[in-house]
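Colleague: I should like to go through this model with you and ask, for each term you apply, what justifies it. Please show me the structure before we begin.

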Amino acid sequence: MRIDKRKVETGKVRVRTVVDEEPVVVRATLSGNYVTVDRIPVNRVVDAAPPPREVDGVMIISVVEERIRVVRELVLIEEVHMRDVQTSEPFEQTVMRRVMRAEIEREHIDREIN
């Protein structure tokens, strides 16, 4: 008696990938900041230019000009008040999402085994 091994093709398998697109709604909350600027007339005589300062979350920058008279004086003509305002708004957009899937096909081959 003799026993041997041999390869016998009994079928084939074909695998292919397919990419499908499907719409997906993306939701998010967009946050941002913007700055408001108010110009406040002051027209007050000062001895020196006031330094920038912050009062109750408002940055105040003093603007001065030198005016020549018989006596020189510094007049505070305005203050620029800048306020940081935060915003939040809902955002929604439909985008295409790609999804890959595998399709498998089997092909059987009928062969006689001797």
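Colleague: Leaving aside its neighbours within four places in sequence, which residues is H81 in contact with?

Modeller: This is a predicted model, and in it H81 is in contact with T36, V37, D38, I40, V58, M59 and I60. The term contact applies because heavy atoms lie within 4.5 Å. H81 itself is found in strand β4.

Colleague: What makes H81 buried or exposed?

Modeller: Its relative accessible area is 18%. Buried means under 20%, so H81 is classed as buried.

Colleague: How do you know that the side chains of H81 and E79 are joined by a polar contact?

Modeller: The distance is 3.2 Å. The limit for such a pair of N or O atoms is 3.5 Å, so the value meets the distance criterion.

Colleague: Which residue of β3 stands opposite H81?

Modeller: I60 stands opposite H81 in β4. Ten bridges join β3 to β4, and these strands run antiparallel. Two strands count as paired if there are at least two bridges between them, so β3 and β4 qualify. They also form a hairpin, with five residues between them.

Colleague: What is the strand order of the sheet, then?

Modeller: The open sheet has four strands in the order β1-β4-β3-β2, with antiparallel pairing. β1 (11-46) and β2 (53-55) are the edge strands: each has a single partner, so one side of each is left without a neighbour in the sheet. From one strand to the next, the twist averages 30°.

Colleague: How many bridges join β1 to β4?

Modeller: There are 34 bridges between β1 and β4 (residues 73-108), which run antiparallel. With at least two required, they are therefore a pair. Within this pairing, S31 stands opposite S88 in β4.

Colleague: Why is V18 called buried?

Modeller: V18, in strand β1, has a relative accessible area of 16%. The cut-off is under 20%, so the term holds. Leaving aside neighbours within four places in sequence, V18 is in contact with V99, M100, R101 and E103.

Colleague: How far apart are V18 and D56 in space?

Modeller: They are 60 Å apart, C-alpha to C-alpha, and 38 residues apart in sequence. D56 is found in the loop between β2 and β3 (58-67).

Colleague: What makes D56 count as exposed?

Modeller: Its relative accessibility is 79%. Exposed means over 50%, so D56 belongs in that class.

Colleague: What is notable about the phi of D56?

Modeller: Phi of D56 is near 50°, a positive value in a residue other than glycine. Most residues other than glycine have a negative phi. D56 lies in the turn of the hairpin that β2 and β3 form, with two residues between the strands. β2 and β3 pair in the antiparallel sense over three bridges, and V55 stands opposite V58 in β3.

Colleague: Where is N43, and what is its phi?

Modeller: N43 is in strand β1, and its phi is near 50°, again positive in a residue other than glycine. Its relative accessible area is 52%. The threshold is over 50%, so N43 is exposed.

Colleague: What is the mean pLDDT of the protein chain?

Modeller: The mean is 88, and 96% of the residues reach 70 or more. Confidence is lowest in β4, at a mean of 89, and highest in β2, at 94.

Note on methods:
Residues are numbered from 1 along each chain as its sequence is written. This is a predicted model: local features need pLDDT of at least 70, side-chain atom pairs count only at pLDDT 80 or more; totals for chains, interfaces and linings use all residues. Side-chain values use heavy atoms; hydrogens and water are left out. Axes are lines fitted to C-alpha atoms, for helices over the stretch in contact, and angles run from 0 to 180 degrees between N-to-C directions. Buried means under 20% relative accessible area, exposed over 50%, partly exposed in between (1.4 Å probe, protein chains only). A polar contact is a pair of N or O atoms within 3.5 Å; within protein, one must be able to donate a hydrogen and the other to accept it, and residues adjacent in sequence count only if both atoms are side-chain atoms. pLDDT is the predictor's confidence in each residue, from 0 to 100.
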